[in-house]
Amino acid sequence: RALETAALEGYEDRPFSPGKNRMSWIKDKAHAELARIREAKEKQVYPFFRPFETGGLHTTIAGQPLVNFSSNDYLGLTTHPKVKEAAKAAVDRYACGLSSSRVQATTVAHVELEERLANWFKFPKCLVTTTGYQAMVGTIMSLADIDTTLVLDQLSHACILDGSFLAAGVPKSGAEIRFFNHNSAKSLDRVLRTKERKNALVCIEGVYSLDGDQAKIAELIEVCAKHDACLVLDDAHGTGTLGVHGRGILEEHGLEGKFPSEKLVVVSTFSKTFGGIGGIILGDEEVVDHIKHRARSFLFSATLPVPIVAAASTILDMLEESGPQLVGELREKAGYMRKSLKEIGFDLGHSDTHIMPVMCREERKALFMHVALMENGVMMVPITYPGVKHGEERLRLNVTRGHSREDMDKCLDLLKTYGEAFFVLSGEEIGELE
Ligand code: PMP
């Protein structure tokens, strides 16, 4: 129950009282919910939805140049001229969108990319969807039923939680949901021993997006095998960053092909390393075909536009040609940043990847740090409640292959200066600041 309470923070029903000049209950609800956001805006520390004026890591907001350390463009390929050219050529041939779902609007470009991705990832079959979120929601919903216990890591991404809630809420055929302690094979084992339904579908992530820690994949897979459980692995942040060739967490730990593909579905995305948008579902031929014909989020939403397919396909060319070099360069930069941040004295939680949470452990510290960095040309998004629990507030720092040594050194200098000024390094309470 404690695990469930923690995992579901942010989903609770928040009652609100009607406003004085009640026009409508939705208006009243919105007004009540926006209280914290209004306050942040008034204090000029509201950090979200700030519009970039150009793409790429080096951009501007309201005319001010800045380098983005919150980007998920891990291999820095989004702005590569070949990627842009491929997308432009696809606009000429297919237009921007196809105005339909994949059922009616599949192109040879989609089919070719699916075949190439299946080959590259070494899976029997691949389905490309319009977002990773949609891919996960559809995968869980189409596989789970009344005989299923969905077994979720306590720190699961919203797409895993939302897919599970939808699967559990289906009238008369809802699945059971259970949680296990983050990354704990022992806790997973306990849940699988006590689950109520006959079939278990365990859902984990390759790299946890806010903590940057890798799944203890070998141990977790062993427990799944012991209990004959099937596994859904979300490798959104491991794709292109882990494994010598960038094939992700399974390659990193020498586990490709070790867990039977009949029991495994890997879900990933084009919105990080592949530099665009789109979801990837990899698995057994029939399992993926079943998802393709049953995943409501996929069937009832529009096709991934071909310019995006062409861009992803061009990035796949690059990974095929020089994956080890691209991934190696990212790792070298991430290694430099990690070592330097630790030398300064920052707490990076359990991170062992290119995603490094700079732990602030107080909302105001994270917001003040964010503003100070922005004013000096470095963007790093703060993660606050309900993204993380109270007391776990942080700046999410992503190192990418596109960052130069100069970018990283500038970022380190600023973090040191403001980490001292706002007591992030000392851990003291921030008190009242002007
Ligand atoms: N899974 C994880 C772990 C993610 O971090 C994200 C993106 N934030 C997604 C899935 C969703 O992917 P997409 O952006 O393609 O919808």
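This is a short dialogue on reading a predicted model.

Me: What kind of model is this, and how are residues numbered?

Reply: Residues count from 1 along each chain as its sequence is written. The model is predicted: local features need pLDDT of at least 70, side-chain atom pairs count only at pLDDT 80 or more, and totals for chains, interfaces and linings use all residues.

Me: Which residues come nearest to the ligand?

Reply: A residue is near a molecule or strand if its C-beta atom, placed from the backbone, lies within 6 Å of it. Here 14 residues surround the ligand, and T131, G132, Y133, T269 and S271 come nearest.

Me: Which helix gives the most to that shell?

Reply: Helices (H or I, at least four residues) and strands (E, at least two) are DSSP runs, numbered from the N terminus. Helix α6, residues 132-143, gives the most, with 3 residues.

Me: How do the shell residues divide into nonpolar, polar and charged?

Reply: Ala, Val, Leu, Ile, Met, Phe, Trp, Tyr, Cys and Pro count as nonpolar; Asp, Glu, Lys and Arg as charged; the others, Gly among them, as polar. The shell has 4 nonpolar, 8 polar and 2 charged residues.

Me: Which residues of helix α9 are buried?

Reply: Count C-beta atoms, placed from the backbone: a residue is buried if 20 or more others lie within 10 Å of its own, exposed if 12 or fewer, and partly exposed in between. In α9 (residues 217-226), I217, L220, I221, V223 and C224 are buried.

Me: Why are they on the same side of α9?

Reply: The arc is taken from the directions from the helix axis to the C-beta atoms. These residues cover an arc of only 160 degrees, so they sit on the same side of α9.

Me: What do the buried residues of α9 pack against?

Reply: Two residues are in contact if their C-beta atoms, placed from the backbone, lie within 7 Å. The buried residues of α9 pack against α8 (185-194), β6 (199-205), β7 (230-234) and α10 (249-252).

Me: Which residues of helix α11 are buried, and which are exposed on the face turned away?

Reply: In α11 (residues 285-294), V287, V288 and I291 are buried. Their arc is only 95 degrees, which puts them on the same side of α11. The face turned away carries the exposed residues E286 and H293.

Me: What is the strand order in the open sheet of 3 strands?

Reply: Two strands pair if DSSP finds at least two bridges between them. The order is β1-β2-β11, with mixed pairing. β1 (58-61) and β11 (378-379) are the edge strands, each pairing on one side only. β1 and β2 (residues 64-68) pair in the antiparallel sense over 4 bridges.
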